[in-house]
Amino acid sequence: MSPRSARKARPEPAPSTASSSRPTLLLAWYDRHRRRLPWRAMPGEASDPYRVWLSEIMLQQTTVKAVGPYFEKFVARWPDVTALGSASQDDVLRMWAGLGYYSRARNLYACAVAVTRDHGGVFPDTEEGLRALPGIGPYTAAAIAAIAFDRHTMPVDGNIERVVSRLFAVEEELPQAKPLIQQLATTLLANARAGDSAQALMDLGSSICTPKKPACSLCPLTEDCAARAQGTQETFPRKAPKKSGTLRRGAAFVVTRGDELLVRSRPEKGLLGGMTEVPGSDWLAGQDDDEAKRQAPALKGLSRWQRRVGVVTHVFTHFPLELVVYTAKAEARTRAPAGMRWVPIATLAGEALPNVMRKVIAHGLGLPPAASS
DNA sequence: GACCCGTGGCA
DNA sequence: TTGCCAAGGGT
C-alpha cells in the first residue's frame, strides 16, 4: 500500500481560479436554479426582515412544505412585526397548532413584543442584536443578518453541514465538527451577496446534495468535492449513532357533555407547553393501565368509563408514547372540574391541539383518524 | 455537552 | 416497520 493511499484520503482540491472559485460557481448555479419561496425576495428586490425572521423560525427543524401554509396564514393575519406583537399569545399558539416545537411559537411572540416595544418595530440589523432576541440562536441570527441585511456571515444549518462536510470530506464527527465546518463554510461566502451564498448552499443541500442518493452529476461543485472523489459522499456528515427513548404509557379521558368535550391547558413550560389537551394520566415508563386509569378526572353525573379498543401511539423526539383512551358521557349542565372547560366539538379545529391529542380525540369519539392536512 | 422539545415524509 | 431527517433554540 502506498503511503498516499494509506493516509486518510483527502484528495487535493482542484486549484481554483478567479473565474471558477467556489463562491462564484455557487452563485451562478443559484441564479439559474433558485427555488421560488413565499418568503424569499425576487432577484434585485430588498427582502423584508419580518418575513425572513418569521420563515427562519418556522423552518427550524421543519420542512419547507410543512411551513408554506403556516407562513401564508401568519402574514395574512399579521402583516408586520408590530401587528404580531399586538396579538395575544393564545391567538399565536392557536395559529401555530400542528407545526410542532411550540416553544418556538411562544418565543416568536415574545420576540415580536420585544421588537415592537424595545426597537420601535424595527429588527436589529446585526448578528449580535438579533442574537439577543428570544428564539434567535446562532444559526437564525446569522441567517437573518445575511439574508435580510446582507451582512458578511455564513449561517450553518443541517443542509450546509452536509454540503460542507462532503465538499471537504470532514472526518470529524458531529457535533464536535461544528467549529471546523463553520470555518470551512465561511470560505464559501462571496464577497458580496452573503445572503445569496447561504441560500445557494441551502438550496443545493435540499435539492442536489441530499442525505441519500445525492445528484452529484447536477452539482456545480462536483469537480471540487473531496467526498465525491472518494465515492463516499453518502457517508458524510459523520455522526455518532443516537439512542432512542423508552416507551412511556398513560391514559387519556374523553368526556363529552352533549356536543361538547372536556379539555384543559397544559402547563406553560415543558412538553407541549401551553397547548390544549383532554385530561389524562402521567406519561411514565412502565406504568400499567390500572394505575393510569386511577388518575381519571372526578365529575358528578358521569356515565361509566368505557375503554376504547386499541391504543393511540405517538412518537416524540425522545420517546414513544402509548395511550389508552377511556370515554364517558356527562349529564347536561355538569360542571367542569377546576382548571378544565367544555368546548364545542365543532370548534376543536380552532383549538391549540397538538397532533397526539387530535389522535386521542378522534379515537375517543370513534372518528376516522384525521386526514393529515 | 447532554437533554428536552413535534410533526410529517421517506425508504 | 423502524429509523432518519428537516432553514435549531433553550436550559
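Start by selecting β4 (306-315) and α15 (355-365): each supplies at least two residues of the surface near DNA strand B. Helices (H or I, at least four residues) and strands (E, at least two) are DSSP runs, numbered from the N terminus, and "near" means that a residue has a heavy atom within 4 Å of the molecule or strand.

Before going further, a word on the ground rules. This is a predicted model, in which local features need pLDDT of at least 70 and side-chain atom pairs count only at pLDDT 80 or more, while totals for chains, interfaces and linings use all residues. Residues are numbered from 1 along each chain as its sequence is written, chains are lettered from A and ligands numbered from 1 in the order in which they are written, and side-chain values use heavy atoms, with hydrogens and water left out.

**Around DNA strand B**

Now show the 19 residues around DNA strand B; Y101, L272, T317, H318 and N355 come nearest. On the DNA side, sugar and phosphate make up 61% of the strand B atoms that come within 4 Å of the protein. Colour the surface near DNA strand B by class and you will find nine nonpolar, nine polar and one charged residues. Here Ala, Val, Leu, Ile, Met, Phe, Trp, Tyr, Cys and Pro count as nonpolar, Asp, Glu, Lys and Arg as charged, and the others, Gly among them, as polar.

Next, turn to individual atom pairs. The side chain of T62 has an N or O atom 3.1 Å from a base nitrogen of DNA strand B. For Y101, a side-chain N or O atom is 2.8 Å from a base oxygen of DNA strand B. At H314, a polar side-chain atom lies 3.1 Å from a phosphate oxygen of DNA strand B.

**Stay on Y101, then go to D150**

Keep Y101 selected: this residue lies in the loop between α6 (89-96) and α7 (103-118). Its phi is near 45°, a positive value in a residue other than glycine. Most residues other than glycine have a negative phi, and most peptide bonds are trans. Is Y101 buried or exposed? Y101 counts as partly exposed because its relative accessibility is 44%; buried means under 20% relative accessible area, exposed over 50%, and partly exposed in between (1.4 Å probe, protein chains only).

D150 sits in the loop between α9 (138-149) and α10 (158-167). D150 has a positive phi of about 55° although it is not a glycine, and with a relative accessible area of 47% D150 is partly exposed.

**The hairpin and the helix**

Return to β4 and add β5 (320-329). The two strands form a hairpin with four residues between them, and they pair in the antiparallel sense over seven bridges (DSSP must find at least two bridges for strands to pair). To see one bridge, pick V315, whose partner in β5 is P320.

Then look inside α15, where V356, M357, V360, I361, A362 and G364 are buried. The cover over these buried residues includes β1 (248-257), β2 (260-265), β3 (276-277), β4 and β5. Just after α15, G366 takes a positive phi of about 75°.

**Two cis peptide bonds**

Where should you look for cis bonds? One runs from L174 to P175, with omega near 5°, and P175 is found in the loop between α10 and α11 (178-186). Another runs from F236 to P237, with omega near -5°; P237 lies in the loop between α13 (226-230) and β1.

How values were computed:
A polar contact is a pair of N or O atoms within 3.5 Å; within protein, one must be able to donate a hydrogen and the other to accept it, and residues adjacent in sequence count only if both atoms are side-chain atoms. Contact means heavy atoms within 4.5 Å.
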